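Please open the model in your viewer and keep the sequence panel beside it, since this tour proceeds by selection, one stop after another.

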Amino acid sequence: MKILVTGGAGFIGGNFVQHMLHNHPEHSILCIDALTYAGNIETLATVIDNTRFKFIKADISDRELIYQVFEKESLDIVVNFAAESHVDRSIENPQIFLQTNVMGTQVLLDACRNYGIKRYHQVSTDEVYGDLPLDNPNLFFTETSSLHASSPYAASKAAADLLCGAYQRTYGLPITISRCSNNYGPYQFPEKLIPLMITNAVAEKELPVYGNGENIRDWLYVEDHCIAIDLILQNGEIGQVYNIGGHNEMRNIDIVKIILSILGKPETLITYVKDRKGHDLRYAIDPTFIHDQLGWLPTTKFEQGIQKTISWYLNNSKWWKNILDGSYQKSYETYMSYMKKTVRKA
Ligand code: NAD
Ligand code: DAU
């Protein structure tokens, strides 16, 4: 099978590309990514020479270019990770979120209609359900919870999900959707809570905690998300939404304190700052459906996952320091000149 992975130079897409190449010798992967500020070709360093892997720099909302890719590549499966993904940025500038997350998804869906594919999988988020109260721990998001997006980011993801549902029903496109809780692990851009806190703590900079730090997120190690999507591609039912989460709810402040404790840094680095506008209180996934239907269960407990993640950031400081000093944005040019040399040699 030839699988198109969009957004593969980002956090989860990059982990998914590695997961698929490692576990599925029968598949080849074409990755397209616009390499926005959140995309980093260095995330794909371990697979760039793999003969079953190819990278094309492309914007999913560029209809002409995307159609050319579909025309040329004879794709079987599309997995759409490409998105603007940071809630704070969506509050500052919603427009690009609608452009990429909604219009970009529509271009991909149209391309799938025009060129025919066996499966389109939309990588969505639990944020489409809005939030849950802090004082009722028995409430969870299920696949039938209604959509109540709070941020422009969440609204754009919910709109894309609705488009996917409409294309499945109206045109019979073979679509599945997954809605996952908060991911953490290697290669996460250091603007998100966990990598920001790790990299700031290492540098002994302030750790900005929004509001009172009591908001709750349901954390999942990224490899477990990749395994879930892999299972959905293999055995998922067309038209179905799958919620993915591992019952690992934690308050932000507790996460920050765990990171400080593992790194041996003082809690005096914690700085409470102004709250995020419209800040969702609590996310919590009920994963019963994906467990019953596909046998998925998370494999990495938070205690191991956070240790592995911190070790990865300590052992790969070049990856995030190149992001912090901006030099990662020149990496694509280096990659292109490397590819040209490789082609000349061949
Ligand atoms: P990310 O921001 O790390 O990566 C996004 C990638 O998409 C980047 O490589 C970026 O260059 C690329 N991209 C952005 N706009 C593009 C465009 N117009 N065309 C092509 N590529 C473009 O995001 P992430 O955290 O890896 O999230 C990936 C997907 O998973 C997103 O759809 C997000 O909504 C979803 N999701 C994320 C989480 C999480 O906790 N991070 C949880 C659930 C779902
Ligand atoms: O639930 C899935 C979603 O998780 C994904 O769809 C999003 O793409 C992803 O970014 C993430 O959204 P969050 O807003 O939950 O993640 P973030 O890392 O930005 O923030 C996590 C929590 O930590 C949130 O309550 C806000 C808080 N926070 C965040 C930052 C960056 C802080 O207190 N301080 C910070 O500096």
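How many Å separate an oxygen atom of ligand 1 from an N or O atom in the side chain of Thr 36? In this predicted model, the separation is 3.1 Å, and ligand 1 is therefore a convenient place to begin a count of polar contacts, for which the cut-off is 3.5 Å.

**Ligand 1 and its shell**

Keep ligand 1 selected and add Ser 85, whose side chain places a polar atom 2.7 Å from a ligand oxygen, and then Tyr 153, where an N or O atom of the side chain is 2.6 Å from an oxygen of ligand 1. If the ligand is considered alone, it exposes 840 Å², of which the protein buries 96%. Two or more residues of the shell come from each of α1 (11-23), β5 (119-125) and α5 (152-171), with β5 giving the most, namely 3 residues. Expanding the selection to the whole shell brings up 29 residues, and Ile 12, Asp 33, Ser 85, Tyr 153 and Lys 157 are the closest of them; sorted by class, the shell holds 14 nonpolar, 11 polar and 4 charged residues.

**From β5 to β6 and β11**

Next, select β5 together with β6, two parallel strands joined by 6 bridges, and look for Thr 125, which stands opposite Cys 180 in β6. Following the chain from β5 through α5 to β6 traces a β-α-β crossover that is right-handed. Now show the side chains of β6 (residues 175-180), a strand in which 6 of 6 residues are buried: Ile 175, Ile 177 and Arg 179 point one way, while Thr 176, Ser 178 and Cys 180 point the other way. Adding β11 (residues 241-244) shows a further parallel pairing with β6, over 4 bridges, in which Tyr 242 is the bridge partner of Ser 178.

**Ligand 2**

Finally, move the selection to ligand 2, which has 24 residues around it, the nearest being Thr 125, Asp 126, Tyr 153, Arg 276 and His 279. Oxygen atoms of this ligand lie 2.7 Å from an N or O atom in the side chain of Glu 127, 2.8 Å from one in the side chain of Asn 182, and 2.6 Å from a polar side-chain atom of Arg 276. On its own ligand 2 has 680 Å² of accessible area, and the protein covers 94% of it. Colour α6 (193-202) and β8 (207-210) to see two elements that each supply at least two residues of this shell, which by class comprises 10 nonpolar, 8 polar and 6 charged residues.

Technical notes: Residues are numbered from 1 along each chain as its sequence is written. Chains are lettered from A and ligands numbered from 1 in the order in which they are written. This is a predicted model: local features need pLDDT of at least 70, side-chain atom pairs count only at pLDDT 80 or more; totals for chains, interfaces and linings use all residues. Side-chain values use heavy atoms; hydrogens and water are left out. A residue is near a molecule or strand if one of its heavy atoms lies within 4 Å of it. A polar contact is a pair of N or O atoms within 3.5 Å; within protein, one must be able to donate a hydrogen and the other to accept it, and residues adjacent in sequence count only if both atoms are side-chain atoms. Accessible areas come from the Shrake-Rupley method with a 1.4 Å probe; for residues, only the protein chains shown count as cover. Ala, Val, Leu, Ile, Met, Phe, Trp, Tyr, Cys and Pro count as nonpolar, Asp, Glu, Lys and Arg as charged, and the others, Gly among them, as polar. Buried means under 20% relative accessible area, exposed over 50%, partly exposed in between (1.4 Å probe, protein chains only). Two strands pair if DSSP finds at least two bridges between them. A crossover is right-handed if, with the strands pointing away from the viewer, the path from the first strand over the helix to the second runs clockwise.
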